[in-house]
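Me: I am new to this structure and would like a close look at a single part of it. Please choose one part and explain carefully how it sits among its surroundings.

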Amino acid sequence: MGRDTIADIITSIRNVDMNRKGPVRIASTKITKNIIKFFFPQGFNSTT
């Protein structure tokens, strides 16, 4: 069974947001960059 990378990324972002912790670090891939491009206008900050 393979990993669900997109779900892992979204879960990491959600957990950090819910706990009001610092920034989350995730691997830099084409998929993650596109996800960040989606979330950035929604109010999430990105340091990529």
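Reply:
**A close look at helix 2**

Of the 48 residues of the chain, 12% count as buried, where buried means under 20% relative accessible area, exposed means over 50%, and partly exposed lies in between, with a 1.4 Å probe and protein chains only. The model is a predicted one, in which local features need pLDDT of at least 70 and side-chain atom pairs count only at pLDDT 80 or more, while totals for chains, interfaces and linings use all residues. Residues are numbered from 1 along each chain as its sequence is written, and side-chain values use heavy atoms, with hydrogens and water left out.

The secondary structure of the chain comes to two helices and zero strands, both being DSSP runs numbered from the N terminus (H or I over at least four residues for helices, E over at least two for strands). Helix 2 covers residues 30–39, and its buried residues are Thr32, Ile35, Ile36 and Phe39. Seen down the helix axis, these buried residues fall within an arc of 100°, so they line one face of helix 2; the arc is taken from the directions that run from the axis to the C-beta atoms. The face turned away from this buried side carries the exposed residues Lys30, Lys37 and Phe38.

What covers the buried residues of helix 2 includes helix 1, residues 5–19. One of the covered residues, isoleucine 35, touches Ile6 and Ile9, when residues up to four places away in sequence are not counted; contact here means heavy atoms within 4.5 Å.

The largest nonpolar core has five residues, Ile9, Ile13, Ile35, Ile36 and Phe39, such a core being a set of buried Ala, Val, Leu, Ile, Met, Phe, Trp, Tyr and Cys residues joined through side-chain atoms within 4.5 Å. Helix 1 and helix 2 each supply at least two residues of this core, and the largest share, three residues, comes from helix 2. In soluble globular proteins, nonpolar side chains tend to be buried together.

Threonine 32, which also lies in helix 2, counts as buried because its relative accessibility is 6%. Its side chain reaches the backbone nitrogen of threonine 29 at 2.8 Å. Leaving aside neighbours within four places in sequence, threonine 32 is in contact with Ile9, Ile26 and Ala27. Of these partners, alanine 27 is found in the loop between helix 1 and helix 2, and it counts as exposed because its relative accessibility is 54%. Alanine 27 and threonine 5 are 22 residues apart in sequence, and their C-alpha atoms are 10.0 Å apart in space.

Methods. Polar contact = N/O pair within 3.5 Å; in protein donor to acceptor, adjacent residues only side chain to side chain.
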